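Student: Could we go through the charged side chains in this one together?
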Amino acid sequence: GTSDPYVKFKLGGKEVFRSKTVHKNLNPVWEEKAYILIDNPREPLYIKVFDYDFGLQDDFIGSAFLDLTSLELNRQTDVTLSLKDPHYPDHDLGSIVLSVLLAPGEQREPTQSLRLSDLHRKSQLWRGIVSVTLIEGRELKAMDANGLSDPYVKFRLGHQKYKSKIVPKTLNPQWREQFDFHLYEERGGIIDITVWDKDAGKRDDFIG
């Protein structure tokens with residue numbers, strides 16, 4: 001009965017900031033600050049809220065647009081935006097509260113612009129590639145009534161996700177598939193690896 005929400009901000013189709021994930025909460029408090037460089041104030045800020053799912057695709061909770069032309073210059077404004085799903089415009093999906101300050105570029109303090117360029121650099125540049133080859137599985141757990149499984153593997157590093165092919169009716173699958181991950185952090189990161197049994201018509205079983 002809860003979610004693990006996080007928020008993405010996009011400008012002109014490009015992700016400019018992603019919040020941390022708040023676990024098991026329908027009323028999350030982030031208290032995070034981001035400095036975003038705006039080239040064209042007529043372009044709205046697109047805000048998308050997701051529910052983080054370990055090993056699975058994250059669920060879309062709702063989205064909203066912030067019209068930057070409606071903001072007064074150099075004045076901190078509290079904004080409450082209703083979240084919507086374009087496919088179900090009548091559904092009430094809650095709301096998101098922002099405190100926004102729009103300031104002209106030349107008034108930015110040096111520390112802020114430094115943090116800004118750091119944020120931009122971190123979000124855009126990757127420092128290396130990790131190549132993972134999935135070879136085989138050995139003696140996996142039987143999840144189906146026939147004493148076998150239909151295994152596949154999911155990999156996840158941050159927002160990058162891959163899924164192997166499904167090998168039907170075996171506990172010793174052979175994959176021989178390669179997946180490339182971009183490394184954004186200097187220290188690398190952690191790749192989540194989960195193994196699943198494909199079930200037609202119902203939820204796939206988690207093997208490990």
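Tutor: Let us fix a term before we start: a salt bridge is a side-chain nitrogen of Lys or Arg within 4 Å of a carboxyl oxygen of Asp or Glu. This is a predicted model, in which local features need pLDDT of at least 70 and side-chain atom pairs count only at pLDDT 80 or more, while totals for chains, interfaces and linings use all residues. Residues are numbered from 1 along each chain as its sequence is written, and side-chain values use heavy atoms, with hydrogens and water left out.

Student: OK, how many salt bridges turn up in the whole structure?
Tutor: The search finds seven salt bridges, and one of them joins Lys8 to Glu15, with the closest N and O atoms 3.7 Å apart.

Student: And is Lys8 buried or exposed?
Tutor: Lys8 is buried at a relative accessible area of 15%, whereas its partner Glu15 is partly exposed at 28%; buried means under 20% relative accessible area, exposed over 50% and partly exposed in between, using a 1.4 Å probe and protein chains only.

Student: What about Glu136, what does it pair with?
Tutor: Glu136 forms a salt bridge with Arg138, where the closest N and O atoms are 2.8 Å apart; Arg138 counts as exposed at 65% relative accessibility, and Glu136 is partly exposed at 29%.

Student: Switching topic, which residues are linked with Arg156 in a network?
Tutor: Salt bridges link Arg156 in a network with Asp58 and Lys161, and Arg156 itself is buried, with a relative accessible area of 4%.
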